[in-house]
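Here's a quick walk through this model for anyone who wants to know what the coordinates say before setting anything up. Have the viewer open as you read.

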Amino acid sequence: MTCSLTQSPSSFPSKKLEAQMGFQLWFYFIILFLLCPILQSTESQQAICGEEVCGNVTIPSPFGIHSRCYSRSWFRVSCRQTHKGEKPFISINDIDLELLGSLFQDTILIKNPVSYVNCDHKGEVGNSTVNLTGTPFFFSSDYNYFGSVGCGNLATIFSNEADPLGGCIQPICGDGASESGCNNRISGNFTSNVVNMTAMYPTGKDDDKRCASAFIFSRLYFREDYPLPIGIHIETTHVPATLSWNSTYCGDAGCELGPGPINFSSEDSCGNVTFQYPFEIIHQHYHNGWSE
């Protein structure tokens, strides 16, 4: 007996169908090839709280860029694009302060605006004083000095409660120069301040109207051999200063968050609705089922 297998031509895929299937298969392979690195990158992308980076600055805990990396809005960091690249900022009482990093535990280094006296050409820059009232932050005398640029003035700093915090006497300048200055320690912690300039060596009617500046700056920028930190002069608008904070503002748990990864591809669901990062579900239990 001779057995033969035959198949009608209609049972074979047409050449047109084969071409379509081949094109679709190659198309799927190309899409998969392009998406694989992106999917792998998304799955592996993690932001470690306390190790986030903006520009060349590592953001220390309890500050954070992502919402899971800070416990209170005071410690929220915005990473912004500037003409000098990405820079991290915090907002305190409607004033944006650039973060420079951390030098000591429980402190943060910021760009602190300079206060000007009798400097009309400075405009609004001279009014950008930092007021930390109502926040956990304060300027600590352990980490900061008081400094002033000008000629022949007694520069004094007071808290807003009129308590004296410190002061220094600027040397006499020649030929109308305003590049001399002085610095000194401050006697206590404070959240806001006012500055007063008094001419010590009056030689003319306009001596008490000469442009001068005053500022709080981090003591690590102080050098014993110089009356002012290197690079600070009358045109300087911001100086590095150290902020400390009072953890009692954050409650019994404190301000710190335990370091841990953020999984950007994490999912949670409620019923038939799926939520992805940064949204999350808080599981609540109600005593009364009507309130669920």
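Contacts first: counting those between residues at least 6 apart in sequence, 63% join residues at least 24 apart in the protein chain, where a contact means heavy atoms within 4.5 Å. Keep in mind that this is a predicted model, so local features need pLDDT of at least 70, side-chain atom pairs count only at pLDDT 80 or more, and totals for chains, interfaces and linings use all residues. Residues are numbered from 1 along each chain as its sequence is written, and side-chain values use heavy atoms, with hydrogens and water left out.

On secondary structure, the protein chain has 1 helix and 17 strands. These are DSSP runs numbered from the N terminus, with at least four residues for a helix (H or I) and at least two for a strand (E). Of the 292 residues, 35% count as buried. Buried means under 20% relative accessible area, exposed means over 50%, and partly exposed is in between, using a 1.4 Å probe and protein chains only. The accessible surface adds up to about 18500 Å², and 53% of that belongs to carbon and sulfur atoms; the areas come from the Shrake-Rupley method with a 1.4 Å probe, and for residues only the protein chains shown count as cover.

**A covered strand**

Strand E9 spans residues 144-149, and 6 of its 6 residues are buried. In a regular strand the side chains alternate between the two faces of the sheet. For E9, Asn-144, Phe-146 and Ser-148 sit on one side and Tyr-145, Gly-147 and Val-149 on the other, with both faces covered. Which strands pair with E9? One is E14, antiparallel to E9 over 6 bridges, and another is E12, also antiparallel, joined to E9 by 5 bridges. (Pairing requires that DSSP finds at least two bridges between the two strands.) To pin down the register, Val-149 has Ser-213 as its bridge partner in E14, while Phe-146 stands opposite Asn-184 in E12.

**Disulfides**

The structure holds 5 disulfides, each a pair of cysteine sulfur atoms within 2.5 Å. Three of them are tabulated here, with their sulfur-sulfur distances.

| Pair | S to S distance |
|---|---|
| Cys-119 and Cys-211 | 1.8 Å |
| Cys-168 and Cys-182 | 2.1 Å |
| Cys-250 and Cys-255 | 2.0 Å |

Take the Cys-119 and Cys-211 pair. The torsion about its S-S bond is about 100 degrees, so this disulfide is right-handed. Cys-119 lies in the loop between strands E7 (115-117) and E8 (137-139), and Cys-211 in the loop between E13 (193-199) and E14 (212-218), so the link ties together parts that are 92 residues apart in sequence. Cys-119 is buried at 8% relative accessible area, and Cys-211 counts as buried at 14%.

The link of Cys-168 and Cys-182 is right-handed too, with 60 degrees about the S-S bond. Here Cys-168 is in strand E11 and Cys-182 in strand E12, 14 residues apart, and both cysteines are buried. As for Cys-250 and Cys-255, their link is right-handed with 90 degrees about the S-S bond. Cys-250 is buried at 2% relative accessibility, and Cys-255 is buried at 3%.

**Salt bridges**

Side chains of opposite charge can pair when their charged atoms come close. How many salt bridges does the structure hold? There are 2, counting a side-chain nitrogen of Lys or Arg within 4 Å of a carboxyl oxygen of Asp or Glu. Arg-80 forms one with Asp-96, the closest N and O atoms being 3.1 Å apart. That pair links strand E3 (residues 78-82), home of Arg-80, to strand E5 (residues 95-101), where Asp-96 sits, 16 residues apart. Arg-80 is partly exposed at 32% relative accessible area, and Asp-96 is partly exposed at 38%.

The other salt bridge joins Glu-98 and Lys-111 at 3.7 Å, N to O. Since Glu-98 lies in E5 and Lys-111 in strand E6 (residues 107-113), the pair ties together parts that are 13 residues apart in sequence. Is Glu-98 buried or exposed? Glu-98 is buried, with 13% relative accessible area, whereas Lys-111 is partly exposed at 33%.

**A nonpolar patch**

Out on the surface, Ile-169, Ile-172, Met-200 and Tyr-201 make a nonpolar patch of about 380 Å². Patches are built from residues with over 30% relative accessible area and no salt bridge, with nonpolar side chains (Val, Leu, Ile, Met, Phe, Trp, Tyr) joined within 5 Å and like charges within 9 Å. Ile-172 sits in the loop between strand E11 (164-169) and strand E12 (181-185), and Ile-172 is exposed, at 61% relative accessible area.
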